[in-house]
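Student: Can you walk me through this one? I'd like to poke at it before setting anything up.

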Amino acid sequence: MTRMRFLTGTGIVLLLIGGAMQAYHPKLESPPVTAEIQAPEEVRQILRQRCYSCHSNETKLPWYDNLAPAYWVVRGDVLEGREHLNFSTIGAKPEAVQRGMLFESVNTVQLGSMPLPRYLAVHRDAGVTPDELATLRHYLETPPAPAAAPAPATAAETQFQHWIASNGKPMGTRPDTQVQPEWNGVPFLPEYKNWKPISSTDRWDNHTMRQILGNDIALKAIADGKIDNWPDGTVFAKVAWLQQPDGKGGITTGAFQQVELMIKDSKKYASTEGWGWGRWRGDDLKPYGKDAAFQNECISCHEPVAHNDHVYTAPIGGAQ
Amino acid sequence: MKQLFAAISFVLLLSGCSPNPPKTVYPQLNREAEVHGGLSWNPRSGRVITSWINPGGTMTTLYGDDMAVNYARSHADGAYPAGAKLGAVTWKQQEDARWFGGRIPAQVASVEIVVAGGPYERYEGSPLAAVPGSDAERAQFLLQQRAAVMP
């Protein structure tokens, strides 16, 4: 009897609290669709069904998502999702940027970080099916019409001549080595170019080729096989060049595009997953972004490999 | 009071259930791409000079010792000082399981070592073993590759 009364009482209190929570229902705006992603209809169809709830201005919530407290969580996810990738406005960006975002989307799906696992736990039929994934991959594997002409070889030549002419002087004494730190304060480390090789990538998605280099601490961790939690002081550099076709079916290293650093310091960079993130573009090494928020791009793109200490590269040992 | 506590726990449970992303990526070395064999010099103990992608699905990185790298990064003529050591590792490619849109090294297809003013050596197989003979043209090709710009 006492038990019965306890349960009924709990039920009533729950209803009262639940009802009271509905009073706080901040609006979820639906701004106009200004430039939907440019892609074939079959691709758009998949995106609409699987991604648009959070990544577009055409959010359609099922009734249970409209009930607080679930509504508060979903609303936050939608606002954050739109900020990172909004299929209703991305059509205004260059084609390469749109394709780049689709590659990132496919990767987050393949690695299981999208749709958000907590979203999928409630919306069980929201996941991308293997057939749909195959359709997206097939679209991206098909090369786009050659829109932009490849970077002229002369630009790479000028860059090279300038670079070799400025070398041969001690590091740090040249005015052009005074590179600005990133917006988040992460310093540029000019010694990156003397670090040892870890791996390389042929990035056919964005027509670049890359070398991944590591400092001594990174190399020691690789030699010791301790790569699940990289030691403080580890630094990786990822250097990217444009792919330059050699006219004989091969591809050579074209103009330098950028260098990115990941600096491990579990205390100093605790708020950014233990890593200091930076990217310097062009041969004048201009810090990427317009404020410290640029690092959200780094972190969200590396989120699928969170269980791998946010590192994508599988290192090739034996570089000591 | 008890009821209120139970209710609040229930609400917290509802809004706080957030499973972690599934573990699809584990810390792993790319073991199959390691360079094994009795080489006269391990090119990957040097520094990167440049890299290229060959027709037919292989990728090469050219490394050099200090003498070679310092020269390559300040000269365009490939006239390395005698004794400068260069090494090219060529890998078969595989799709990067962690990034659709990328290809990364798989098994080593060959290792070539050239010493300026000295011999050219080529290694193939697993473990790598020296392939007899020399190839002056190929040695010259390797010496003529310009360094990739690293400002």
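What follows is a short chat about the two chains, how they meet and a few backbone oddities.

Tutor: Sure, and keep in mind that this is a predicted model.

Student: Okay, start with chain B. How many helices and strands are there in chain B?

Tutor: Chain B has three helices and six strands. Reading from the N terminus, the order is α-β-β-α-β-β-β-β-α.

Student: And what share of the residues of chain B counts as buried?

Tutor: Chain B has 151 residues, and 48% of them count as buried. Its accessible surface is about 7100 Å², with 57% of that on carbon and sulfur atoms.

Student: What about contacts between residues 24 or more positions apart in chain B?

Tutor: Those make up 51% of the chain B contacts that have a separation of 6 or more.

Student: Now the interface. How many residues of each chain are in contact with the other chain?

Tutor: On the chain A side it's 79 residues, and they are in contact with 62 residues of chain B. The two chains bury about 6100 Å² between them, 65% of it on carbon and sulfur atoms.

Student: Which three residues of chain A supply more of the area buried against chain B than any other three?

Tutor: A:Trp163, A:His307 and A:Ile316, which together supply 12% of what chain A buries there.

Student: What about charges and polar stuff across it?

Tutor: The rule finds three salt bridges across the interface of chain A and chain B. A:Glu157 forms a salt bridge with B:Arg146, with the closest N and O atoms 2.7 Å apart. There are also 26 residue pairs in polar contact across the interface, both residues at pLDDT 80 or more.

Student: Which residues touch the most other members in the largest nonpolar core?

Tutor: That core has 59 residues, and the ones touching the most other members are A:Tyr192, A:Val259, A:Leu261, B:Ile49, B:Tyr80 and B:Val111. Another core, of 21 residues, lies apart from it, and includes A:Ile46, A:Cys51, A:Phe87 and A:Val106. As background, nonpolar side chains in soluble globular proteins tend to be buried together.

Student: Zoom in on A:Tyr192. What does it touch?

Tutor: Leaving out residues up to four places away in sequence, A:Tyr192 touches several residues of chain A, including A:Leu213, A:Phe256 and A:Val259, along with B:Met150 and B:Pro151.

Student: Switching to something polar: is A:Gln243 buried or exposed?

Tutor: A:Gln243 is buried because its relative accessible area is 16%, and the cut-off for buried is under 20%. A:Gln243 sits in strand 3 of chain A, residues 235-245.

Student: What does the side chain of A:Gln243 pair with?

Tutor: The side chain of A:Asp202, through a polar contact of 2.8 Å. A:Gln243 also touches A:Trp204, A:His207 and B:Ile53, among others.

Student: Back to salt bridges. How many does the structure hold over all chains?

Tutor: 19 over all chains. One of them joins the side chains of A:Glu36 and A:Arg44, at 3.2 Å from N to O, and A:Glu36 and A:Arg44 are both buried.

Student: Got one on the outside to compare?

Tutor: Try A:Glu29 and A:Lys27, whose side chains meet in a salt bridge at 3.9 Å, N to O. A:Lys27 is exposed, with a relative accessible area of 62%, while A:Glu29 counts as partly exposed at 48%.

Student: Last topic, backbone geometry. Where are the cis peptide bonds you'd flag?

Tutor: One joins A:Ala68 and A:Pro69, with omega about 5°. A:Pro69 is in the loop between helix 3 (52-55) and helix 4 (70-84) of chain A. Another runs from B:Ser126 to B:Pro127, with omega near -5°. B:Pro127 is in the loop between strand 5 (120-124) and strand 6 (129-131) of chain B.

Student: And odd phi values?

Tutor: Most residues other than glycine have a negative phi. A:Leu285 has a positive one, about 50°, and A:Leu285 is buried at 4% relative accessible area. A:His310 has a phi near 65°, and A:His310 is buried too, at 6%. Look for A:His310 in the segment after helix 10 (294-302) of chain A.

Notes:
Residues numbered from 1 in each chain as written. Chains lettered and ligands numbered in written order. Predicted model: local features only at pLDDT ≥ 70, side-chain atom pairs only at ≥ 80, totals over all residues. Heavy atoms only, no water. Helix = DSSP H or I, 4+ residues; strand = E, 2+ residues; numbered from the N terminus. Buried < 20%, exposed > 50% of the residue type's maximum accessible area, 1.4 Å probe, protein only. Contact = heavy atoms within 4.5 Å. Areas by Shrake-Rupley, 256 points an atom, 1.4 Å probe, with all protein chains shown as cover. Core = buried A, V, L, I, M, F, W, Y, C linked by side-chain atoms within 4.5 Å. Polar contact = N/O pair within 3.5 Å; in protein donor to acceptor, adjacent residues only side chain to side chain. Buried area = accessible area lost by both parts, 1.4 Å probe. Salt bridge = Lys/Arg side-chain N within 4 Å of Asp/Glu carboxyl O.
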